[in-house]
Amino acid sequence: MTTYHLKEEARMSGEGKVVCVTGASGYIASWLVKLLLHRGYTVHATVRNLKDPSKVSHLLELDGAKERLHLFEADLVEENSFDHAINGCEGVFHTASPVDLSPSATKVGVVDTAVKGTLNVLGSCVRTPSLKRVVVTSSTASILFKRDPITPMTVIDETWYTDKEFALEAKQWYVLSKVLAEEAGWKYAEENGIDLVSLHPALVIGPLLQPTLNATSKVIIDLVKEGKDGLPNGIYPVVDVRDVANAHIQAFELPSARGRYCLVAITMHSSQVLKIASRLFPSLPISDKYKDDLPAVATYQVSQEKAKSLGINYTSFDVSLKDTIESLKEKNFLIF
């Protein structure tokens with residue numbers, strides 16, 4: 001299915017090392033577990049429910065899982081819930097955070113859970129003498145959300161911060177959760193001497209390992225469906241899930257890694273996404289208008305300079321989109 005290949009030269013970089021991945025059943029986290037196992041790490045993976053096959057079955061099938069994957073049950077809102085999983089680890093990848101983009105989402109359910117979860121995980125880290133570094137999965141949501149529109153001349157970088165007041169006014173709970181969880185995490189880390197690095201991926205696409213449909217993959221499905229009749233109008237900063245997983249490992253392994261990292265491979269208008277999709281998959285139910293020459297729409301740019309210091313070479317958008325659509329089709333989330 002996928003044209004992405006694991007790098008053999010990094011295969012045993014984690015031999016003898018134990019790390020923890022929180023929220024391991026998720027989209028990014030599943031790929032992170034896969035790549036960590038490939039590199040020889042022993043992985044402590046937390047999920048909310050060990051009895052739920054949709055949370056654990058795909059993880060247990062990964063190469064190396066039988067020998068070096070250990071599953072733990074943990075809940076973001078339960079204090080000390082992560083102690084057992086993090087005990088003995090030298091690295092923690094905190095990916096667990098609620099993602100609810102529906103109109104029924106609440107501040108308590110999304111924002112409060114994200115903040116409390118981050119502090120609970122970092123609390124467990126403080127109680128772990130073997131710990132060397134924590135890598136937190138944040139989002140460009142904590143960077144890009146501004147009251148004033150971002151102009152095409154703008155270059156965004158790691159010094160940007162989302163407008164918290166605007167996110168609160170707009171009731172963008174996911175955005176606010178990322179801002180406040182990051183803010184709380186940095187404060188706690190500085191006060192308690194934790195070496196922390198935060199990663200900020202954009203719209204994450206690429207093949208799915210987990211059996212359930214994640215929010216960012218659903219964006220591609222919705223875009224294809226909308227492209228049958230109307231003209232979607234949106235700008236998407238995009239990155240491949242495999243590059244994001246690799247960036248996590250680099251952020252842990254490289255002693256020079258510090259602070260925040262934007263992870264954006266390309267920024268593209270929705271019409272261009274559909275044009276590429278229709279070229280890659282002529283049978284997709286996308287309007288013929290996307291097959292003609294479309295006017296280029298100016299988009300803002302996100303600096304890649306700091307991400308490149310992690311050794312990240314982004315997967316081409318064509319490959320990412322092709323692998324995403326093939327994976328969605330294979331799992332019957334997108335039928336054409």
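Me: Let's start with Thr140. Which residues does Thr140 touch, leaving aside those up to four places away in sequence?

Reply: Contacts with residues further off along the chain show what packs around a given position. In this predicted model, Thr140 touches His200, Pro201, Ala202 and Val264, once residues up to four places away in sequence are set aside. As for its place, Thr140 sits in the loop between β5 (133–137) and α6 (141–144).

Me: Is Thr140 buried or exposed?

Reply: The relative accessible area decides, and the cut-off for buried is under 20%. Thr140 has 7%, so this loop residue is buried.

Me: Now the sheets. What is the order of the strands in the open sheet of 7 strands?

Reply: A word on the principle: strands of a sheet pair through backbone hydrogen bonds, in either a parallel or an antiparallel way. Here the order is β3-β2-β1-β4-β5-β7-β10, and the pairing is parallel. β3 (69–73) and β10 are the edge strands; each has a single partner strand, so one side of each lacks a neighbour in the sheet. On average, neighbouring strands of this sheet are turned by 20 degrees against each other, direction ignored.

Me: How many bridges hold β7 and β10 together?

Reply: Counting bridges tells you over what stretch two strands are paired. Strand β7 (residues 196–201) pairs with β10 in the parallel sense over 5 bridges. To find the register, look for Ser198, which stands opposite Arg260 in β10.

Me: And how many bridges are there between β4 and β5?

Reply: Strand β4 (residues 91–94) and β5 are parallel, with 4 bridges between them. Phe93 has Val135 in β5 as its bridge partner. Helix α8 (residues 173–192) packs on the sheet and touches β5, β7 and β10, with a direction at about 165 degrees to that of β7.

Me: Which strands does helix α2 lie across?

Reply: Helix α2 (residues 53–60) lies across β2 (42–47) and β3, and runs at about 170 degrees to β3.

Me: β10 stands at an edge of its sheet. How many of its 5 residues are buried?

Reply: Here it helps to read sheet position and burial separately. In strand β10 (residues 259–263), 4 of the 5 residues are buried, so the strand is largely enclosed by the rest of the structure.

Me: What is the order of the sheet formed by 3 strands?

Reply: This open sheet runs β8-β9-β11, with mixed pairing. Its edges are β8 (203–205) and β11 (266–269); each has a single partner strand, so one side of each is without a neighbour in the sheet. From one strand to the next, the twist averages 45 degrees. β8 and strand β9 (residues 235–240) run parallel and are joined by 3 bridges, and Leu203 stands opposite Val238 in β9.

Me: Which helices lie across β8 and β9?

Reply: One is helix α9 (residues 215–226), at about 85 degrees to β8. Another is helix α10 (residues 241–253), at about 60 degrees to β9.

Me: How should I check the length of helix α13?

Reply: Compare the expected span with the distance between the ends. At 1.5 Å a residue, the 14 residues of α13 should span 20 Å, and the end C-alpha atoms are 20 Å apart, which agrees. Its buried residues are Phe317, Ser320, Leu321, Asp323, Thr324, Ile325, Ser327 and Leu328. Their cover includes β8, α9, β9, α10, β11 and α11. Just after the helix, Asn332 takes a positive phi of about 65 degrees.

Me: How many aromatic pairs does the structure hold?

Reply: For ring pairs, look at both the centre distance and the angle between planes. There are 4 aromatic pairs. One of them, Phe281 with Phe336, is edge-to-face, at 5.8 Å centre to centre with 80 degrees between the planes. The two residues are 55 apart in the chain: Phe281 is in the loop between α11 (270–280) and β12 (301–302), and Phe336 is in the segment after α13 (317–330). Phe281 is buried at 11% relative accessible area, whereas Phe336 is partly exposed at 24%. Elsewhere, ring pairs link Tyr41, Phe93 and Phe252 into a cluster.

Me: Which lysines lie over the face of a ring?

Reply: Lys329 lies over the face of Phe336, 4.4 Å from the ring centre. Lys306 lies over the face of Tyr261, also at 4.4 Å from the ring centre.

Terms used: Residues are numbered from 1 along each chain as its sequence is written. This is a predicted model: local features need pLDDT of at least 70, side-chain atom pairs count only at pLDDT 80 or more; totals for chains, interfaces and linings use all residues. Side-chain values use heavy atoms; hydrogens and water are left out. Buried means under 20% relative accessible area, exposed over 50%, partly exposed in between (1.4 Å probe, protein chains only). Two strands pair if DSSP finds at least two bridges between them. Axes are lines fitted to C-alpha atoms, for helices over the stretch in contact, and angles run from 0 to 180 degrees between N-to-C directions. Contact means heavy atoms within 4.5 Å. Rings of Phe, Tyr and Trp (its six-membered ring) pair if their centres lie within 6.5 Å; planes under 30 degrees apart count as stacked, over 60 as edge-to-face and the rest as tilted. A charge sits over a ring if NZ of Lys or CZ of Arg is within 6 Å of the ring centre and within 35 degrees of the ring normal. The expected span of a helix is 1.5 Å times one less than its number of residues.
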